[in-house]
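Please prepare a short report on the protein surface around a DNA strand and on a helix pair.

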Number of protein chains: 2
Amino acid sequence: MSREKEITIYDIARQLDLSAATVSRALKDHPAINKITKKRITDLAEKLGYRSNNFASNLRKQNTNTIGVILHELRSQFMISALAGIEKIATEANYDLIIAHSSESWKKEAANALNLFHKRVDGVIASLAFDTENLSHFAPFERKGIPVIYFDRVFEEAEGAKVIINNQKGGYDATTHLIEQGCKRIAHITASLNRNVYAERLKGYQLALAEKGVKYNEKMIYIIDLTEEASIRAAKEIIKMRPRPDGIFITNDFCAAVCIQTLQEAGIRVPEDIAVVGFNNDVICKIIEPKLTTINYPGLEIGEIVARNLINHLQGKSNIRLTNTIIIKSELIIRGSSLKKTKK
Amino acid sequence: MSREKEITIYDIARQLDLSAATVSRALKDHPAINKITKKRITDLAEKLGYRSNNFASNLRKQNTNTIGVILHELRSQFMISALAGIEKIATEANYDLIIAHSSESWKKEAANALNLFHKRVDGVIASLAFDTENLSHFAPFERKGIPVIYFDRVFEEAEGAKVIINNQKGGYDATTHLIEQGCKRIAHITASLNRNVYAERLKGYQLALAEKGVKYNEKMIYIIDLTEEASIRAAKEIIKMRPRPDGIFITNDFCAAVCIQTLQEAGIRVPEDIAVVGFNNDVICKIIEPKLTTINYPGLEIGEIVARNLINHLQGKSNIRLTNTIIIKSELIIRGSSLKKTKK
DNA sequence: TTGTATGCGTTATCAC
DNA sequence: GTGATAACGCATACAA
């Protein structure tokens, strides 16, 4: 299929006996253009199937109207929702998105960052990979004054804007709830403590135990990679433990669902023998039986807020360098998997 | 933050007392360049933090190396997997992606198509919205010879390349399996028959019934929008039906999971009283109890194949106008929700 | 309200 | 193996 020639503003200008400048202005809704002229131009543009050339325009304007998004994965409900939120706001503000995901690998994350840098994105939104240990691969953006805003998995102590929930409070609420349900020996299944989200939730767990006078036991902490296999293994270890835990706070709903199944297959009743609380409020919370008590992690809202902040900054309406950290509300959602007391 | 000046090939050329042409060639691994010259150039480029300007390059080269992806939604496992497959292949081939989703609305789909057209994507990958009734909004691509390749939700009878599974066979296999399990009255919960995937699955269902001498009853067909609420409503209607169905083939796993719960809450045993087969092989199949029998719909593979075909076409390695339809293998996966016979 | 002139950064063509 | 030059399509400063 041979490429037909593209229509340019020059073609329109020539046919209408105008200058390209006038055509350009008319197409951009420039105020100082005669209404009639403008109509002639837009009509002809339509008729000829004109489409503006973004590359020429961007080259000239020296900006890209593009935001780069770096995610550690795409498979969780939370991430999809967050992405949907980002996309919604970006689209409304007429920004394009370049989405890159690191598959939980720092190396890929760095490559993606470099790629986005070369693509000259106007700003970056990022959630860090499992094994990312520093932010040096984002330094080029800093140097050029390109804003980077982190969410979900962030370095809380580092410079830079971030949007997060209070993960410590989440862990605290989940654990307190289990204690209030009468649990005395509460295990915690989590993931790499290099990631703020997991480390903070653990802190919340510890804090709740301390506050309620429940002894903390390091043997009750299981650090796994959150895959199905690892979840089954962790559940089996908990089953073997003596005395056996009577409650588990699990940092991820999918993992929690798998654990509940594994417990049930071993003849252990949930919540009667072991109460379970998850994290995220994924759809599977309502599919698993008993339904899963969890901490709501509102992806859509977070995505929208991240994107809105970045875009406001880009448009000079605010400055994210002033608002270092934004904390989004997230609350405990109680369902059957943890209800020992009010069990019918 | 004031924009510092960007380094261009001219800056490098000047400092090295070379021409911009040479610098451009060196940076592009052009063969006819002195190795030493090249090293000097790449070193200095690195040192100065040079980044090539895609817009200038694309403007000059007259192509965008970008593929537009139009999806009807982003929430299903299948779509995410398909997107991951597309992204993998595109990234490997150095194509960017612009992802647009229509939220199941034809209007948004048309707007997205127009937007991608103006962005001058080199090619398009699309899965149609719920209420899309024709492909006229893709006509501009046709006219310009920009390839469009459809997958999942397509118009099977229309012109154009498509990648699909044999949905009719899926419906047939699911239904035959239920009949073989001893079901005599099999209901079918599905969605808008304007969509090929649902219409074809229904055909397969009808075919299986006919072949096995089971009477087809239109009252057993529930056409819903696949939301949680609609699924619950459909399940409740089935519960009230007399004689009550003893098997249900449901066109979507999430919907099937909700139905199973609704049945169980009404005291109906699955699979003993009613056997259930879903469609997609979503993760929830293994979370719901009993585990859900389903038809595997391999998103990752489909995404990869769609993207590979499009890119091969773009690179002139093949021509999708010759291979009209590609059918991907998909098979029945038997789990507990349908096993009446071998029930322990 | 419109036109003129120029430059954005690259790459392709041709010349040497 | 390298250089000079033009062209890609648009937006804007300045002039009229």
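**Surface near DNA strand C**

By class, the surface near DNA strand C (a heavy atom within 4 Å) holds 10 nonpolar, 10 polar and 8 charged residues in this predicted model. Here Ala, Val, Leu, Ile, Met, Phe, Trp, Tyr, Cys and Pro count as nonpolar, Asp, Glu, Lys and Arg as charged, and the others, Gly among them, as polar. Of the 28 residues around the strand, A:Thr22, A:Thr37, A:Arg60, B:Tyr50 and B:Arg60 come nearest. Sugar and phosphate make up 64% of the strand C atoms within 4 Å of the protein.

**Polar contacts and contributing helices**

Among the N or O pairs within 3.5 Å, a side-chain N or O atom of A:Thr37 lies 2.6 Å from a phosphate oxygen of DNA strand C, and one of B:Ser24 lies 2.7 Å from a phosphate oxygen. A base nitrogen of the strand is 3.3 Å from a backbone N or O atom of B:Ala56.

Helices are DSSP runs (H or I, at least four residues), numbered from the N terminus. H4(B) gives the most to this surface, with 4 residues.

**Helix pair H10(B) and H11(B)**

The axes (lines fitted to C-alpha atoms over the stretch in contact, with angles from 0 to 180 degrees between N-to-C directions) of H10(B), residues 228–240, and H11(B), residues 253–265, come within 8 Å and cross at roughly 45°. The two helices are therefore oblique, that is, outside the ranges under 35, over 145 and 65 to 115 degrees.

**Basis of the values**

Residues are numbered from 1 along each chain as its sequence is written, with chains lettered from A and ligands numbered from 1 in the order written. Local features need pLDDT of at least 70, side-chain atom pairs count only at pLDDT 80 or more, and totals for chains, interfaces and linings use all residues, while side-chain values use heavy atoms, leaving out hydrogens and water.

How values were computed
A polar contact is a pair of N or O atoms within 3.5 Å; within protein, one must be able to donate a hydrogen and the other to accept it, and residues adjacent in sequence count only if both atoms are side-chain atoms.
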